[in-house]
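Work through these exercises with the sequence and the model side by side. Try each task before you read its solution.

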Amino acid sequence: MATGAWHLLVYVLIILFPPLFISIFQPAPLHEHGLFYEIGKNFALTATMILCMQTVLAGRFKWAERPFGFDIVIRFHRNMAILTAGLLLAHPVLIAADGIGWRLLYGIKLPWYIWAGKAALVLLLINAGISLYRKKLNLTFERWRLYHDLIGPTLLVLAFVHSWVVGRNLQKGPLYWLWPLFFLIAAYLFVHHRILRPRRLRQLPFRVIEVTPEAPDVTTVTMVPDRGQRIYSYAPGQFHFITFHRNRDLPEEEHHWTISTSPTETGYIASTIKALGDF
């Protein structure tokens, strides 16, 4: 419990660091902007940091998941995306209400970097929408994940460009270096999760040695390391993600299955699977 509390504290401090730093060390003159403008700016800074941290929550890092479990971390990931959408929707409204003018919301002849920010917001809403209503949209998991992996990095790039050009506070002091660093770390974590780690795991495959029907809709699949590596350690009741690399005409779908063997078993690992969905 204490470890989980520290994880949450660090998370909150990270997402609030830019607005807190600017408010304490780079406060704007009282006559320059009003309260609504400052709130809107801080909403955007916090939301952008949440977007960067989404790559940590979805990256399947053991140190991030250990106190809570992967299912809770992913649920938190989804809820923070909804919070981010709310903060970014409020951002232009508050900026416009402070005296910048409502043309900011509906105008056409606006600077390109304003359009970059609007595009990032639209992509975020699309991403959140297809994630929340995937089943109603009849999207397969693989199609949803493809959209998610294309939209997520794109909106991060647009958010960085918009914030970097508009945010004068970000172009001086420590934030001049830290702000791009946040995005570079987020980009690396995404590449690690979706490209580097899967490529490394493909070099250490497991081989299916037995498929045992347990009931009409239940099957046990038993696997052993194909290249002599040790079976990874796991706890009772834990699940793992499995992808079967089969004939080229068959889809390579990733699924999470509970491990049905004992952690004391070192020769093989098995999952007992119930038929579900279209797999």
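**Exercise 1. List the elements of the chain in order from the N terminus.**

Solution. Step 1: read the order, which is α-α-α-α-α-α-α-α-β-β-β-β-β. Step 2: count the elements. There are 8 helices and 5 strands. Helices (H or I, at least four residues) and strands (E, at least two) are DSSP runs, numbered from the N terminus.

Two notes before you go on. This is a predicted model, where local features need pLDDT of at least 70, side-chain atom pairs count only at pLDDT 80 or more, and totals for chains, interfaces and linings use all residues. Residues are numbered from 1 along each chain as its sequence is written, and side-chain values use heavy atoms, leaving out hydrogens and water.

**Exercise 2. Find the two residues that touch the most other members of the largest nonpolar core.**

Solution. Step 1: recall the term. A nonpolar core is a set of buried Ala, Val, Leu, Ile, Met, Phe, Trp, Tyr and Cys residues joined through side-chain atoms within 4.5 Å. Buried means under 20% relative accessible area, exposed over 50%, and partly exposed in between (1.4 Å probe, protein chains only). Step 2: search the 36 residues of this core; Y11 and W179 are the two. Step 3: see which helices build it. α1, α2 (35-57), α4 (70-100), α6 (112-132), α7 (141-166) and α8 (175-202) each supply at least two residues. The largest share, 10 residues, comes from α2. Step 4: look around Y11. Beyond its neighbours within four places in sequence, Y11 is in contact (heavy atoms within 4.5 Å) with I50, M53, L57, F76 and M80.

In general, nonpolar side chains tend to be buried together in soluble globular proteins.

**Exercise 3. Is V12 buried or partly exposed?**

Solution. Step 1: locate V12 in helix α1 (residues 2-25). Step 2: apply the cut-offs. V12 counts as partly exposed because its relative accessibility is 38%.

**Exercise 4. Which strands pair with β2?**

Solution. Step 1: use the rule that two strands pair if DSSP finds at least two bridges between them. Step 2: take β1 (residues 206-215). It runs antiparallel to β2, and 8 bridges join them. A hairpin of 2 residues links β1 to β2. Step 3: take β5 (residues 269-274). Here 6 bridges pair it with β2, again in the antiparallel sense. Step 4: check T222 in β2. E210 stands opposite T222, and T222 stands opposite A270 in β5. Step 5: check the cover. In β2 (residues 218-225), 7 of the 8 residues are buried.
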